[in-house]
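Please look over the sequence and the model below before reading on. The text after them is a guided walk through selected parts of the fold.

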Amino acid sequence: MTVATPKEAACVVLMRQNHQHEWEFFWARRSDKMPFMSGYHAFPGGRMDEEDLEIQVENALENQSGLCACVIREAFEEAAVLLSPDAGKVPAAERLAARAAMMRRELTFAEFIQRHGIRLDANLLVPGGRWVTPPYAARRFDTYFYVAEIPGDQEPELWTDELEQGTWTTGQAAVKSWEAIDVILAPPTLHVIRGVRDWAGSDAGNNRNWEKLTAILLDAPSANGKPVESIEIRSGVVGFPVKTPTLPPATHTNCYLVGEQELVVIDPASPYEEEQLRLDEHLDWLQRNRGVRVREILLTHHHPDHVAGVAHAQKKWGVPVAAHPETARLLAGKITVDRHVLDGDVIELPGDPGWRLHCIFTPGHAPGHLCFYEEGTRALITGDMIVGLGSVLINPPEGNMREYLDSLRKLAGFESVAILGGHGQALTHPQKHIAAYIKHRLEREANIIKALETGARTVPEIVKIVYADTPPAAHPLAERSVLAHLEKLGAENRAQQLPGNEWQLV
Ligand SMILES: [Zn+2]
């Protein structure tokens, strides 16, 4: 599986001073229809087009002209804000009409600025760093961040296809709403709102010292194009994706670090030495700089793409490994599990207010599978029960479709606000995802029943009908999944197995 090359993109933090002379910025929620990071709060922005390279931007550095044009165009398309010294030339109604025409593809941005004699000037854009989407993501962007004070009294108006619920907020309020789990943020967004908060609360903010803001925003390796390593989903709940030989399209497994003074490491997953060392270095840094102590290694389940780094981490930190007894049994002889964790157990980690991980026994994908619900942040760590990328394989005899569906229903009983799966990005709207997972499996089951009714008798015959749209390369895995469904129907006395690996409805 090759890693996607990041595409160049740009986004802009639109700013203004409110009546109390506080700095505010504009952000919005990415619509649920968006294929990438839906539900996340973000700034207006998008991919650079060919067209952007043709647009002239005064005072732009040679290689940044296209990016500056891109971010100015995106601010106009998504928020109807014209970032130009000539913004006053176009009345609000005309601006909105032009934007609508652009969205209907009746007008290009280049035509619009030419028609009104509008100059674009890079001096209105404050550089705010460059962030590269980590390699584990399905879509990757090399995104340049800019900050811009809105010229004149333009009020952003969103085009609701991509962004919704646009609001003005202060850096301080935004960080608070992230802490209160009202919003979900990607690492650059969190970094930028913290930077804006620190700048706005200092003399630099009072004096409009934009150079200082750039300095603050660039003060992190990942703000300068170095890959993002860890993803702070909530305070004390951090994702650390590591490369693993897992099932495509995923290329990485998410290791999670919970706690601040004492840390639980969930699924140190990578068999690769350089990935294990990367995690070591991250934990070493936390220990040195923040006095963090690694307390325990915790496992969701026994699959190699979740436990291949356990022996290394166990040796490095000299800490116990905790898992469900079934996981311990399946790992016997390979990894020593020092402590058994059962359904309903709570792992408490110190802090103010601290963290409480509720252990939830969720067999189905694997016999000893555990999920973890963190009470304070309401984050649900789901291992391979629910994932942010790809799909979950139910592979008998370890995999059991009946148990899997029961476990999904059990997870629905927790009022979580984010699902942190073993692969891919964090998901918002947990209930929606859980319901969709259950629906998807039941629809497949209905199709299998239909196939049996129309004369299919063996697993390969059923796959040919039910997975007609899937490339044949995926059929061996599909066969495992069909078998899991047949076993479920068998256990429910709705189908029965005949000699010769044939099945029929009861
Ligand atoms: Zn697994």
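The paragraphs below take up a sheet, a metal site and some backbone details in turn. The model is a predicted one.

Begin with the sheet. Seven strands form an open sheet with mixed pairing, in the order β8-β9-β10-β11-β12-β13-β14. Its edges are β8 (231-234) and β14 (339-340); each has a single partner strand, so one side of each is left without a neighbour in the sheet. Strands of a sheet pair through backbone hydrogen bonds, and the pairing may be parallel or antiparallel.

Both senses can be followed here. Strand β9, residues 237-243, is antiparallel to strand β10, residues 252-258, and seven bridges connect the two. Within this pair, Gly239 stands opposite Tyr256 of β10. Further along the order, strand β11 (residues 262-266) runs parallel to β12, with five bridges between them. Here Glu262 faces Arg293 of β12 as its opposite residue. What connects β11 to β12 along the chain is helix α9 (residues 273-290), and together these three elements make a right-handed β-α-β unit. β12 is also paired with β13, again in the parallel sense, over two bridges. In that pair Leu298 is placed opposite Ala322 of β13.

Which strands does helix α11 touch where it packs on the sheet? Helix α11 (residues 310-317) touches β12 (293-298) and β13 (321-323), and its direction makes about 150° with that of β12.

Next comes the metal site. Four protein residues supply donors to the zinc ion: His301 through NE2, His303 through ND1, His365 through NE2 and Asp384 through OD, lying 2.2 Å from the ion. Along the chain these donors follow the spacing H-x1-H-x61-H-x18-D. The pair His301 and His365 links distant parts of the chain, 64 residues apart: His301 is in the loop between β12 and α10 (304-307), while His365 is in the loop between β16 (355-361) and β17 (370-374).

Why is the site called irregular? The angles among the four donor atoms run from 88 to 170°. A tetrahedral site needs all angles between 85 and 135 degrees, so a range that reaches 170° rules that geometry out. The site is classed as irregular.

Are the two histidines of the distant pair buried or exposed? His301 has 0% relative accessibility and therefore counts as buried. His365, at 8%, also counts as buried, because the cut-off for that class is under 20%.

Some backbone details remain, starting with cis peptide bonds. The bond from Asp352 to Pro353 is cis, with omega near 10°. Pro353 sits in the loop between β15 (346-349) and β16, and β16 also borders the loop that holds His365. Another cis bond runs from Pro396 to Pro397, with omega near 5°. Pro397 belongs to the loop between β18 (379-383) and α13 (401-412).

Positive phi values in residues other than glycine are the last topic. Arg208 has a phi of about 55° and is found in the loop between α7 (203-206) and α8 (210-217). With 37% relative accessibility, Arg208 counts as partly exposed. Arg378 likewise has a positive phi, near 55°, and lies in the loop between β17 and β18. Its relative accessible area is 31%, so Arg378 is partly exposed.

Conventions. Residues are numbered from 1 along each chain as its sequence is written. This is a predicted model: local features need pLDDT of at least 70, side-chain atom pairs count only at pLDDT 80 or more; totals for chains, interfaces and linings use all residues. Side-chain values use heavy atoms; hydrogens and water are left out. Two strands pair if DSSP finds at least two bridges between them. Helices (H or I, at least four residues) and strands (E, at least two) are DSSP runs, numbered from the N terminus. Contact means heavy atoms within 4.5 Å. Axes are lines fitted to C-alpha atoms, for helices over the stretch in contact, and angles run from 0 to 180 degrees between N-to-C directions. Donors are N, O and S atoms within 2.8 Å of the metal (3.2 Å for Na, K and Ca); water is not among the atoms, so sites may look incomplete. Four donors count as tetrahedral if all angles lie between 85 and 135 degrees; four count as square planar and six as octahedral if opposite donors are over 155 degrees apart and all others between 65 and 115; anything else is irregular. Buried means under 20% relative accessible area, exposed over 50%, partly exposed in between (1.4 Å probe, protein chains only). A crossover is right-handed if, with the strands pointing away from the viewer, the path from the first strand over the helix to the second runs clockwise.
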